[in-house]
Amino acid sequence: MEHLILRDLDIQNIKNIAVYEEHGGYQAFRKAVKEMTPDQVTDAVKQSGLRGRGGAGFPAGVKWSFLPKGVFPRYLVVNADESEPGTFKDRQMMERNPHQLIEGIAIASYAIQCNQAFIYIRGEFPYAAECLEQAIADAESRGYVGKNIFGTDYHLQIVVHRGAGAYICGEETALLESIEGKLGQPRVKPPFPAAVGLYNKPTVINNVETLINVPLIIERGAQWYASLGTPKSTGPKVFCLSGHVNRPGNYEGEFGKMTFRELIYDLGGGIRNGKKLKGILPAGASGPMVSPLVNEAVLDVKLDFESLAPFGSLLGSASVIVLDEDTCVVWAAKKMLHFFKNESCGKCTPCREGTYWLWRLLERIDAGEGTMADIDLLTSVATQMQGRTLCPLGEFATSPVLGTVKLFREEYERHVKERGCWAKK
Amino acid sequence: MLSENAKTQIAKLMAQYPDPRSAVMPALHLAQREVGWLPDDVIQEIADLVGLAKTEINGVATFYAMYAREQPGTHTILFCTDLPCALRGADKLLEQLEHRLGCQAGHTTADGKITLKEAECLGGCDHAPVLLIDGNEHQQDMTLEKLDEMIERLKNA
Amino acid sequence: MPNVIIDNKPVSVPNGTLVVEAAKQAGVDIPVFCYHPKLQPVGMCRMCLVEVGTPKRGKDGQIETDANGKPVIAWMPKPQAACTTVVSEGMAVRTDTAQVADARRAIVEFLLTSHPLDCPICDKGGECPLQNLTMAYGPGTSRFPVESKFHNEKRVPLGDLIMLDRERCIQCSRCVRFQSEIADDPVLGFQARGRGLEITTLSDPPFDSKFSGNTIDICPVGALTSRDFRLSARTWELRDYPSVCAHCSVGCNLLIGERDHAIKRIVPRENEAVNEIWLCDKGRFAHHFATAPGRLTQPLIRRNGKLETASWNEALDLVASKFAEIKKQNGAHALGGFGGDRAANEDLYLFQKLFRHVIESPNLEHRVGWSATNVGADLVRLYGAGVGTNLGSLDKNVTVLVIGADPEEEQPVLRLRLTRSAKNFGAQLIVANGRVTKLAKHAKQAVIYRHGGEAAFLLGMTRAILDEHLENQEFAATRITNLSAFAKSLEAYSVEKCAELSGVSVEAIRGAARAFAQAPNGLIVYGREAMFAQQSDLAVASGIATLLLITGHVGRANNGLVALYPHNNSTGALDFGLMPDHGLGRAQLGVKGLAARELATGKVRALYVMACDPAADGAFVKPEFLVAQDLFLTDTAQLADVVLPAQAFAEREGTFTNTERRVQLFRAALKPMGETKPDWWIIAEISKRLGSGWNYGSAREIMDEIAAKVPLYAGMNYATLAENVQLPRPRAGQGNASHAPTEIAMGDLENISSGKTWASVAESDASVKFELMWNEPKGQGAGARGQYTLAVARVIYDRGTLVSQTPIVQPRVPALYLEINSQDAQALGIVRGARVRVTFEARVIEAPANVDGRVPPGVVLMPQNLGGALALPLGARVEIEKV
């Protein structure tokens, strides 16, 4: 199968601008600027059904059209703060196929008529940032970025802005604060960034994987793009596979075609050491766990944004972490809460206090010092965080707890009864 | 103290953004590369250059995990212990690394060469366990042998 | 005006109103921690979560209605923060549901997980929003395992005045936002993140702000406490007395918290027209003079060269008999008096009455030191800012020209309010000075003139307005007698010439002129540096008057002049004619008495000094008979023949008139110390002994006489001034606990008298016509030989009698220093802290250098009220060298 996103797997050295050009690179951008109005570009993206790949799945074209008319300057911000545990797809795209992203950024910038775009890349990806800067410089040398692009009066500057270690900056308003040189703490919404965004100007924020799809839509047409995937979730999708599998990595498929069975057993080579599959975290640490041990049907669900809902979970950014039968879910939940506790920005009360509380409870239970009441307390504390936090981080942080208690409550009880973790014994 | 070159770079960064305050993070990165960490006088210098209060710069420098407000060793290792790495043996490997270095995570070796820190996900889960050296060099698919090689290299560098 | 329904109560509120504020209007209390009406909402604490819904619309876009014809409400699935949700038409809000109660219980439980259980020793106890809201909404017990508590530092000094308890902090950021949004000193910030998020300061000195004490008031827990008040009393043991600050002339309203006849603390009393809910740190902390051990408690008489205690009768008899004797021998002109501008109106009124009507001497003054002229008395009487001007809420229709002022140092709360007007309401500031001041940061236009060029700058503005025909022709036609003749007489002074003389560019002069003339409303705020300049250059006063008149910016609210005077009752001293050439109501007098310098240097045989210390302020020659009436044994009192112990503001009642001419009443809070007496009583007793037949029983009676005799004060009496003065702070343990978080900080606006302001001539008498006049600007300052121009300014923390009695603020009082531009410093080889020598004519002063960019090259600045620099005039040309 031809890769549409991970084209580096098919075309050697596509990160080189000449190679990218040989394979039709920047023709979509040329077409957009020379043959289409900005609104036509936006309409094409709307018709393609392209949904945001950051996890929420909001239609990208619709997002672009939210910008208030006539208010300038406006900005495009690329969310390259890929920090969800188990996610490493944007990194591959930036390191190995950066021009497709730059072209997507350029087309999106043209569509929303902004002249400055910022790529916010997490600080832990120094090499990816260098690749992007090189790609921007190369694009500039060919006239794809800079002044008077394709001889028109359109100009564009792209700035790579490095983060410095804060998961919360993946939340779009925290990301904006961070670019503005402040603590990465989310803003109150509304107002939404489309109206009051970066430097209080109208701003579109798109994920790397979202934008890398855009050249395809312009080049091959919205209809062709919409024919991929399902009617509600169109296009290709990259799945990150990690954990107890034989071949972890990024795998490209289509929405509504890929199943966990195919991803884990066919592409990923199955569970390491021939063990049984115990749990799947479809959205990294941020989505509830599903388990074929509890309901085997989950292995054959055609994956898209909505299809995991009946199993009490969601696809999110498709960062699939696989746990084998020897893994203790209390320990796994503790690991994830340790992450959320450390990454909570501290701005709102339920997240700041709740993540810390949940982590301490999980530590107690994992160490064999918990009580049966602690298990109820866990779910109670998690539940009382829900719906009350300022941003989704605090909401996500409840998933590891609620998901594992729901699926494997008896394992929690066993920790209490046996005064410790069975897996460590 | 920052070099004149660094100050020029920071001035350039300030011009790159619609609001010079945006240069705070890149300036801190730059200063940390040059000085090795972010002592008080550097925080003050950046505050003066960007036109903010020292307290405001300190806020940014302490919010983000990659900035060092305390003097680290010659090299800093960020060792990922998040779930995907932990599923592939990161916790045990970290213990072994601590043993080899003779210092716990969060501390610096007695010879001042290496600071070891636990890190949240470094985005290399397909090659877990992973670590990041000095904020710019990823090491992946870590094994005990690879750790030994790395320690040897860093200690002699 | 959207219509909103909150807990079934309909209310109509302005566009943009937050749900939390709309609820207040509907009589519904929504508990909050991070929200504060004076600060930008941040939605952090989540305590104010409520259910919010909007009218449901059908496919046709029409609002769906139920069987009763009422709109069907589409409720949002999650509760919303009332502090960040803006009302919309038809919005419905529920705060009385199980979901909301559960959210509040959850948030309080979260906040308390790691909160220490030290309420019994916490200063906030009894007036703590966290305590109150826990009682109202929290769970009875905690489910948090006690061994998991997050521990943090408990006693972190944030500078000399504030103590931080990091364990009590709930990370609401009120203090951080206050410092950046209101105080404009972003010296508090968060560091780290998550559960480790904590408040810190990295400024040098720590928490470097003149407003730090306000963070104690707005802190909703006991995290920030006063190092002065700390652990000295429980709040419910305090009795609060309404009073007025005795320091600068903003006249901040305050409450004296008294216990056991001592001031335990001072907190702001809300007055939206004066200080809102703020105090500066000087006003809050420097109250210890009132109860200082060094207070005079008995009359003293000099016997055999030594001051010895005496009875009141002995002392008063001696004063009266000496006054009578000297008058008899040399006439009344041989007596003179300094009635200091710290004394109350009642005292000053009687003091002048004693001299003018009993002793019959015109030798009256209230100012000492370099400022010994009565600068601006006439300007303010004629053109003072209109009644109803609120300097904290001036909007885009008001342009304020601030000239020769440094409000941050002269009147800190006023600077804070002008900044607020500019930042929040769009007031246009033009800040003109010979150096950079803090207010300039929020100015639409910042002008740096050459010292000595003030008048030329003002004249240039006038000329530019006339050139471009921007004068207010309607006003000129009816109220100005000589506009065209005036314009003609100005021909020799082109804008270009004024630019050259003032050192301000032609464009800047024209820009300022346009902004001021074209604004619907215009105010001029002028301060000590302009007043100083005015003493050596008459053209400054005429320049100010002319600008106000040709633009018609007089006689209405938000128009006219605000003069920044140094002391709490400088305005009162002017009002009651404590001047050699002006009498009651600032009326110009035919006779002219001796001026301050003459009084202080032995030109009279007997001198009566009340509430000031001329001997401390430069050359002083003791007259034959010297009477000092004060709180302390001042330098003057040490020389005196008779010393009379007066009462502090906290021990008596009276009125002060603030810089905006607002007359405000203060109440007694303390039992008088020793045998001390109110100033008015002492003056009356001396007067009686001189045969006056006065018989005043109280300050209140004197105010009644003032109201009858001084037209500016007509209609003012203690009843009208005290109207509605109530305690805004709910007594500890009383009132609706849920209301406390905002009410403790905000008070109850309606129930506070905002004082009474007298109207200027331009306002009170529409028939008065004005004549424009101008004086030739003098240009350069004295001593043209020096290379550097000396700027002299006031600093807030001074070496004065009152501040020196409060040890806790002493670290904030700087030693005398010389501020010099870094360029000049480099040229002279001067580094920060190096000693420099300042030479002016024969005078030489040495001080350490403070190198920074606030003074322009060629200018050096020395504070005027730190001693040492007193004798040097502003604008003097001085020589600077490294020692």
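**Chain C: a barrel, five domains and a contact with chain A**

In this predicted model, six strands of chain C form a closed barrel in the order β30-β34-β31-β33-β32-β35, with mixed pairing. The twist from one strand to the next averages 45°.

User: What makes the pairing in this barrel mixed?

Analyst: Strands of a sheet can pair in a parallel or an antiparallel way, through backbone hydrogen bonds. Strand β33 (residues 843-852) of chain C runs antiparallel to strand β32 (residues 835-840) of chain C. With strand β31 (residues 818-821) of chain C, β33(C) pairs in the parallel sense.

User: How do you know that β32 and β33 of chain C count as paired?

Analyst: Pairing needs at least two bridges between the strands. Six bridges join β32 to β33 in chain C, so the pair qualifies. By the same rule β31 and β33 of chain C are paired, because they have four bridges.

User: Which residues face each other across these strands?

Analyst: C:Val836 stands opposite C:Ala847 in β33(C), and C:Thr839 stands opposite C:Val844 in β33(C). C:Leu818 has C:Ala849 in β33(C) as its bridge partner.

User: What lies between β32 and β33 of chain C?

Analyst: The two strands form a hairpin with two residues between them. In this hairpin C:Glu841 takes a positive phi near 50°.

User: Why can chain C as a whole be compared to a compact globule?

Analyst: For 883 residues, a compact globule would have a radius of gyration near 29 Å. Chain C has 29 Å, so the value agrees with the rule. Its C-alpha trace spans about 95 × 70 × 60 Å along the principal axes.

User: What share of chain C is called buried?

Analyst: A residue is buried if 20 or more other C-beta atoms lie within 10 Å of its own. In chain C, 59% of the 883 residues are buried.

User: How many domains does the assignment give, and which residues does each hold?

Analyst: The domain assignment gives domain 1 (3-109), domain 2 (116-291), domain 3 (300-374 + 576-722), domain 4 (386-558) and domain 5 (788-882) of chain C. The C-alpha centres of domain 1 and domain 3 of chain C lie 59 Å apart.

User: How do you know that chain C touches chain A?

Analyst: Two residues are in contact if their C-beta atoms lie within 7 Å. By that rule 26 residues of chain C are in contact with 23 residues of chain A. Helix α2 (residues 98-112) of chain C gives the largest share of the chain C side, five residues. By class, that side has 15 nonpolar, six polar and five charged residues.

Conventions. Residues are numbered from 1 along each chain as its sequence is written. Chains are lettered from A and ligands numbered from 1 in the order in which they are written. This is a predicted model: local features need pLDDT of at least 70, side-chain atom pairs count only at pLDDT 80 or more; totals for chains, interfaces and linings use all residues. The radius of gyration is taken over C-alpha atoms; the globule rule is 2.2 Å times the number of residues to the power 0.38. A residue is buried if 20 or more other C-beta atoms lie within 10 Å of its own, exposed if 12 or fewer, and partly exposed in between; C-beta atoms are placed from the backbone. Domain bounds come from an automatic or database domain assignment. Ala, Val, Leu, Ile, Met, Phe, Trp, Tyr, Cys and Pro count as nonpolar, Asp, Glu, Lys and Arg as charged, and the others, Gly among them, as polar. Axes are lines fitted to C-alpha atoms, for helices over the stretch in contact, and angles run from 0 to 180 degrees between N-to-C directions.
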